[in-house]
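Please open the model in a viewer and follow the stops below in order. Each stop names a selection and then describes what is found there.

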Amino acid sequence: MCGIIAVTGSDDTVEVLLDGLAMLEYRGYDSAGVALVAGGPVPSVWRARAANGTRSLEDLAKAVESAPPGARSGIGHTRWATHGRPTETNAHPHVDCTGRIALVHNGIIENHTELSAALEDAGHVLESETDTEVLAHLIEDELATDRTAGLVVAVRRALARVRGAFALAVVDTADPDLVVAARRVSPLVIGRLGEAVLLASDIPALLARTRDFFVLDDDQVAELRPGSIVVTTLDGAPVPLVARTVDWDLDAARKDGYEDFMSKEMHQQPAAVADTLRDRVLPDGRLALDEMRLSDDELRAVDKVFIVACGSSYHAGLAAKYAIEHWARLPVEIDIASEFRYRDPVLDAHTLVIGVSQSGETVDTLQALREARRWNAKVLVISNVVDSSMAREADAVLYTRAGPEIGVAATKTHLAQMTALVVLALYLAQLRGTLYPEETVQLLAAMGELPAKVAVALDRGGDVAAVARSVAASPSFIFIGRHVGYPVALEGALKLKELSYLRAEGFPAGELKHGPIALVEPGTVVIGIATRTRLWEKMMANVAEVRSRGATVVLVANDGDEETARQADAVLWVPPTGPLFAPIVDVVPLQQLAYTLARFHGLDVDRPRNLAKVVTVE
Ligand code: G6P
């Protein structure tokens, strides 16, 4: 996601900032910027945007060469766009109207729409499309209202007006040695090197310079000056500083202490789901989508939906087919994107084509969507990358907010896609009036519990490892599921073959007896999705079919469901949730199973052989 770096009291302000930004590069970014305070009336601000594969940090470094010497403090940022496109204007730092202060921010200001309207009414001019810029103007407001208040007090008062998550660093030309930092949810760490005090959104940005850190906790503010760190709560109460020393190397630090990016990213899944849900439900219970260049009337006129996608995104789309058909009562066809455009699909202006792609660049999906537009169909894209090719060409976009995913096999982006798709399904249902309001309320409540349930499922990693050990010698695996368990079975099999290079196939359980059951012999490992969704009884009948042929059966089952457990040799437990939300939780132990088996075989889980994260060839 976005990265923050800041420094005061250093002889090499520019170098510290640029080095720190380079260390944050691995997180993914689309633009970058720095602001320096050297004693003049306004900070010097430079921003650069990465375009077509160029690295904006190089452009930024060139631009900053012209900086006047003697900067006393500075802040820097790598931005990974969420609110507002990845343009230079939207890049941080952002400044207030007077140019006195500059700030960088990670997180999401949830009430930014109402705040920017109020600020504009009061005469402020906001230049960017970001949620961040309101912070600069709120602080400006507080400084103007109480001229005796310094920056720390103004930041505290401004933050009392915002809802959401933030990590921010602010510099002030009226106090050139000062950097003020504050956090809620989004992390910040402080480091010290002689007189210099450094701040960053994560440890790797500082690791080349120091190993001694102070971690800022939620709702704390730090006042950083050369040789001095003062931390208080947002209410002004003092906070004692507790130093922490890390002995990680840079690679381990980037992985936040996890063994690899895949396990880090799996553990980020509750946040990916929560962030994807954030802001979507309006106070009156209606749902809001981003970048809707389609009117509600146009969406109401839709009489058929196609979903096109590849890989894990296809499985997310397949799960969504059940939700859209059931809740919104619209017929849904789903296609592997590489097949769609060559099969002469029947589309017209009343067709909604949904492209699902974490990268937004997969060429098969991009071309499928272009084909859809040729037939005047409406195109809606679910993507994790703001302004990706698909997002730019679509009529409407619903962004997942999983943050950059570095492991090649999709995990957190997959959960975020399924989350975005259930939001979309509910939105369509609302527009079409196919759900009673009280049903929608119940569904929204269940949706809100998903991040916690994903977290519970993840916590069972140890149990998954024991199951993995029990089946580790098997050369092949069969995954079965019914209804929404079917896409989960497909994704479980895909993860396993991608990561461990073992033979793994997913089937609709009801289809077993039409062929795949011929593969089952004593000892064959069959993994079934047996949570209590609609077809549980029928699923258990299919489980009995393989058991009676000697299969070793592993079932994904809901907590406490002993009846299901009795039919299994081993169980992967998950918390229960609403049937159409179940794939979001049920797939988690299968990701962990694939991960663990790959590790048993000594394989590189982040870079599986022959696979690529973004596939731009047909
Ligand atoms: C590649 C990745 C998969 C991904 C698929 C579709 O094969 O390795 O993890 O599911 O592409 O990518 P997309 O960016 O369109 O979701």
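Helices, of at least four residues, and strands, of at least two, are runs assigned by DSSP and numbered from the N terminus. With that numbering, Pro404 falls in the loop between β19 (396-399) and α15 (412-432). The model on display is a predicted one.

**Whole chain**

Begin with the complete protein, which holds 23 helices and 24 strands. Its radius of gyration is 26 Å, close to the 25 Å that the globule rule gives for 618 residues, and the protein is therefore as compact as a globular protein of that length. The C-alpha trace spans about 80 × 55 × 45 Å along the principal axes. Of the 618 residues, 59% are buried. Among contacts between residues at least 6 apart in sequence, 71% join residues at least 24 apart.

**Pro404**

Now select Pro404 in its loop between β19 and α15. Is this residue buried or exposed? The relative accessible area of Pro404 is 14%, and because buried means under 20%, the residue counts as buried. Add Tyr26 to the selection: its C-alpha atom is separated from that of Pro404 by 9.2 Å, although their positions lie 378 residues apart along the chain.

**The six-stranded sheet**

Next, display β5, β6, β7, β8, β12 and β13. These six strands form an open sheet in the order β5-β6-β7-β8-β12-β13, with antiparallel pairing. At its edges are β5 (94-95) and β13 (228-233), each of which pairs on one side only.

Move to β7 (166-172) and β8 (179-184), which form a hairpin with six residues between them. Six bridges join these antiparallel strands, and Ala169 has Ala181 in β8 as its bridge partner. Colouring by burial shows β8 as mostly covered, with five of its six residues buried.

On the way to the β13 edge, five bridges join β8 to β12 in the antiparallel sense. Here Val179 stands opposite Leu224 in β12. Strand β12 (residues 220-225) in turn pairs with β13 over six antiparallel bridges, where Arg225 stands opposite Ser228 of β13.

**Helices across the sheet**

Keep the sheet visible and add α4 (residues 133-145), which lies across β5, β6 (101-106) and β7 and runs at about 135 degrees to β6. Then add α5 (residues 151-159). Which strands does helix α5 lie across? They are β6, β7, β8, β12 and β13, and the helix runs at about 145 degrees to β7.

**Aromatic pairs**

The next stop concerns aromatic rings, of which two pairs are counted. Select Phe306 and Phe340: their ring centres are 5.7 Å apart and their planes stand at 70 degrees, so the pair is edge-to-face. Phe306 belongs to strand β15 (residues 304-309) and Phe340 to helix α12 (residues 337-340), 34 residues apart, and the pair thus links distant parts of the chain. Both of these phenylalanines are buried.

Then select Trp327 and Phe581. Their ring centres are also 5.7 Å apart, but the planes are at 55 degrees, so this pair is tilted. Because Trp327 lies in helix α11 (residues 311-328) and Phe581 in the loop between β24 (570-574) and α22 (582-586), the pair ties together parts that are 254 residues apart in sequence. Trp327 and Phe581 are both buried.

**Charges over rings**

Finish with two arginines. Arg532 lies over the face of Trp536, at 3.5 Å from the ring centre. The charged end of Arg609 is placed over the ring of Tyr501, 4.0 Å from its centre.

Definitions and conventions:
Residues are numbered from 1 along each chain as its sequence is written. This is a predicted model: local features need pLDDT of at least 70, side-chain atom pairs count only at pLDDT 80 or more; totals for chains, interfaces and linings use all residues. Side-chain values use heavy atoms; hydrogens and water are left out. Two strands pair if DSSP finds at least two bridges between them. Contact means heavy atoms within 4.5 Å. Axes are lines fitted to C-alpha atoms, for helices over the stretch in contact, and angles run from 0 to 180 degrees between N-to-C directions. Rings of Phe, Tyr and Trp (its six-membered ring) pair if their centres lie within 6.5 Å; planes under 30 degrees apart count as stacked, over 60 as edge-to-face and the rest as tilted. Buried means under 20% relative accessible area, exposed over 50%, partly exposed in between (1.4 Å probe, protein chains only). A charge sits over a ring if NZ of Lys or CZ of Arg is within 6 Å of the ring centre and within 35 degrees of the ring normal. The radius of gyration is taken over C-alpha atoms; the globule rule is 2.2 Å times the number of residues to the power 0.38.
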